[in-house]
Amino acid sequence: MRRILSVLIENESGAMSRVVGLFSARAYNIDSLSVSATEDKTLSRMTIVTHGDETVIEQITKQLNKLVEVIKVVDLNESRFVERELMLVKLRAVGKDRDEFMRLAEIYRGSVVDVTDRSYTIEITGSTEKLDSFLETVGRAVILETVRTGAAGIGRGERILKI
């Protein structure tokens, strides 16, 4: 089962490395990882997407909580949350494909951020499923390059991650 963990850690050198090392040492896979400073510059927030059953996620959470740099761990899947990911995709766009890609970008609420005579670079934000759907729709044959940020998630409503 796909799980999204939100981890509040100290914003210091090596903290992220220790969290990632924990996953590696225990053979847990990280599907995506995004990290940034929070409104409090002494703290960073990591959004980790991983897979596992309840037992595995519980074990990961316990192990993360043992790390000195980790302030708090929340499994976003335990209640309602909002998830977004950013993707930049460069497509081979020649001939009649150019109009079709403009139309698809509009349908997926994306925008063309770079244009050459042979390619378009399209920016799309949304759920992982939405971005995967866009890539499937355009087809592998025209995709020249793809860059994705990984998921970022936040609890809905009054649910916040603070000390």
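Hi everyone, let me start right at a helix contact: Phe-101, Leu-104 and Ala-105 in H3 meet Phe-134, Thr-137 and Val-138 in H4. Sorted by type, the residues of this contact are five nonpolar, one polar and no charged. Please keep in mind that this is a predicted model.

So how are the two helices arranged? H3 covers residues 97-107 and H4 covers residues 128-138. Their axes come within 11 Å and cross at roughly 160 degrees. Because angles over 145 degrees count as roughly antiparallel, H3 is roughly antiparallel to H4. As for handedness, H3 passes H4 in a right-handed crossing.

Now to the aromatics. How many aromatic pairs does a search of the whole structure find? The answer is two.

Let me take Phe-23 and Tyr-28 to begin with. Their rings are edge-to-face, with 6.3 Å centre to centre and 75 degrees between the planes. Is Phe-23 buried or exposed? Phe-23 is buried, and its relative accessible area is 1%.

The other pair brings us back to H4. Tyr-108 and Phe-134 are also edge-to-face, at 5.2 Å centre to centre and with 80 degrees between the planes. Here the pair links distant parts of the chain, 26 residues apart. Tyr-108 sits in the loop between H3 and strand E6, residues 111-115, while Phe-134 is in helix H4. Both Tyr-108 and Phe-134 are buried.

If you have the model open, Phe-134 is a nice place to look: this residue takes part in the contact of H4 with H3, and its ring pairs with Tyr-108. Thanks for listening, everyone!

Terms used. Residues numbered from 1 in each chain as written. Predicted model: local features only at pLDDT ≥ 70, side-chain atom pairs only at ≥ 80, totals over all residues. Heavy atoms only, no water. Axes fitted to C-alpha atoms, helices over the stretch in contact; angles between N-to-C directions. Helix = DSSP H or I, 4+ residues; strand = E, 2+ residues; numbered from the N terminus. Parallel < 35°, antiparallel > 145°, perpendicular 65-115°, else oblique. Left-handed = near helix turned anticlockwise from the far one by under 90°. Contact = heavy atoms within 4.5 Å. Nonpolar A, V, L, I, M, F, W, Y, C, P; charged D, E, K, R; others polar. Phe/Tyr/Trp six-rings, centres within 6.5 Å; stacked < 30°, edge-to-face > 60°. Buried < 20%, exposed > 50% of the residue type's maximum accessible area, 1.4 Å probe, protein only.
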